[in-house]
Amino acid sequence: MNALAKLKSIAPSVNQIVRTYALKSDLKIKWVRPEKIPCYKPEKSGDLQALPKFAGTELMKDYRESKELETANEHVRNLFTLEHNRRREMVENFKEAMVRKVYRHDLDYGSMEAKLGLMTARIRSLQEYMEKYPRQSVVKVQLKELIDKRKRFLRYLRRWDYRRFEYVLEKLDLVYKPYPTHFHWITRKDSLRKLTDIHCEQIKETRLEEYRKQLESQQLDFLAKKLQTLEFIRKEQTECQVPVTVTKEEIQAVRKQYDELKQKRTALAESLKESEES
């Protein structure tokens, strides 16, 4: 019978076993999974500007100084403009403009700055292409590899010449976004833990602030009581002819603190009254 009674007493507790590995918060904390941004987007690559829109009436790179086109017919001239030619011609024009922002001399196409300008122009042209045709997997891989290559170049330049690194970022309108040192998955459980910790810290701060205000409101009465108690102790000790433990300096310090706090409170009350009247 004793064994059966023990089993009956254990049975209800066995039925109440719950799964404890999942986090379920009783607080009203709502977590929404952040939107996944592809790696080739400007938000991830660090490009602050997109590919500029050219007017289209500009001549191609090889025909800008042509004297024949200056006196040619309008229809003939339009055949050599960017508007009536391939997109590649416009990208080449943009590459030249990006290199001219950071190059060291007129024939510089091999320095670190010029290479970064060329890669930036190519990246922005591919980003514009991916916006129109997002299912082009080959172009997506090329763009991802080019962004990684530019990050390696920027990391090298940041390590060995920081002033030039800042100059290139400013001229090319870039933001250096390195890869994180420690990778971790974004999960609902970890996010709820962090949000719960933040919520608890906020509750702690608000309660401490309320308690501080409560103590400040009682500070004047406490000082008055303290001053009265110190004067009473000193008076009793002198009358009973025992060693005096409370000095006059201590009483004066408390009285000074009490008077200063009282003046501050009256000045604050007057300023609040004036602001309400105005």
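This is a short guided walk through the chain shown above, from its overall build to a few of its charged residues. Keep in mind that the model is predicted.

Let's start with the big picture. The chain has ten helices and zero strands, so reading from the N terminus you meet α-α-α-α-α-α-α-α-α-α. The chain has 278 residues, and 24% of them count as buried. Its accessible surface comes to about 22,300 Å², with carbon and sulfur atoms making up 54% of that area. Now think about which parts of the chain touch each other. Among contacts with a separation of 6 or more, 66% are between residues 24 or more positions apart.

Next, let's look at charges. Side chains of opposite charge can pair when their charged atoms come close. How many salt bridges does a search of the whole structure find? The search gives 13. We can visit several of them in turn.

One of these pairs is Glu-131 with Lys-41, whose side chains meet at 2.9 Å, N to O. The two residues come from distant parts of the chain: Glu-131 sits in helix H6 (residues 112–132), while Lys-41 belongs to the loop between H1 and H2, and 90 residues separate them. Is Lys-41 buried, partly exposed or exposed? Its relative accessibility is 22%, so Lys-41 counts as partly exposed.

Another salt bridge joins Glu-209 and Arg-212, with the closest N and O atoms 2.3 Å apart. Here the partners are neighbours of a special kind. Both lie in helix H9 (residues 188–239), and because they are three residues apart, about one helical turn separates Glu-209 from Arg-212. Glu-209 is partly exposed, with a relative accessible area of 31%, and Arg-212 is partly exposed too, at 36% relative accessibility.

Helix H9 also takes part in a link to another helix. Glu-231 and Arg-255 meet through their side chains in a salt bridge of 2.5 Å, N to O. This pair connects distant parts of the chain, since Glu-231 is in helix H9 and Arg-255 is in helix H10 (residues 248–277), 24 residues apart. With 33% relative accessibility, Glu-231 counts as partly exposed, and Arg-255 is partly exposed with a relative accessible area of 32%. Salt bridges can also share partners: Arg-104, Glu-113, Asp-161 and Arg-164 are joined in this way into one network.

A charged residue can also be buried, and Glu-96 shows this. Glu-96 lies in helix H5 (residues 87–102). Because its relative accessibility is 10%, Glu-96 counts as buried. Which residues is Glu-96 in contact with, leaving aside its neighbours within four places in sequence? They are Lys-61 and Arg-64.

Now turn to the surface, where like charges gather. Lys-36, Lys-44, Lys-140 and Lys-177 form a positive surface patch. To find one of its members, look for Lys-36 in the loop between helix H1 (2–15) and helix H2 (42–45). Lys-36 is exposed, its relative accessible area being 78%.

There is a patch of negative charge as well, in which Glu-270, Glu-274, Glu-276 and Glu-277 gather on the surface. Glu-274 is in helix H10, the helix that also holds Arg-255. At 54% relative accessibility, Glu-274 counts as exposed.

Finally, let's visit two loops and look at the backbone. Asp-173 has a phi near 55°, a positive value in a residue other than glycine. You can find Asp-173 in the loop between helix H8 (162–172) and H9. Asp-173 counts as partly exposed, because its relative accessibility is 21%.

Gln-241 is the other stop, and its phi is near 55°, again a positive value in a residue other than glycine. Gln-241 lies in the loop between H9 and H10. With a relative accessibility of 73%, Gln-241 counts as exposed.

As you turn the structure, try tracing this route once more: the helices, the salt bridges, buried Glu-96, the positive patch and the negative patch, and then the loop residues Asp-173 and Gln-241.

Terms used. Residues are numbered from 1 along each chain as its sequence is written. This is a predicted model: local features need pLDDT of at least 70, side-chain atom pairs count only at pLDDT 80 or more; totals for chains, interfaces and linings use all residues. Side-chain values use heavy atoms; hydrogens and water are left out. Patches are made of residues with over 30% relative accessible area and no salt bridge: like charges are joined within 9 Å, nonpolar side chains (Val, Leu, Ile, Met, Phe, Trp, Tyr) within 5 Å. Accessible areas come from the Shrake-Rupley method with a 1.4 Å probe; for residues, only the protein chains shown count as cover. A salt bridge is a side-chain nitrogen of Lys or Arg within 4 Å of a carboxyl oxygen of Asp or Glu. Lys and Arg count as positive and Asp and Glu as negative; His and the chain ends are not counted. The place of a charge is taken as NZ of Lys, CZ of Arg, CG of Asp or CD of Glu. Helices (H or I, at least four residues) and strands (E, at least two) are DSSP runs, numbered from the N terminus. Buried means under 20% relative accessible area, exposed over 50%, partly exposed in between (1.4 Å probe, protein chains only). Contact means heavy atoms within 4.5 Å.
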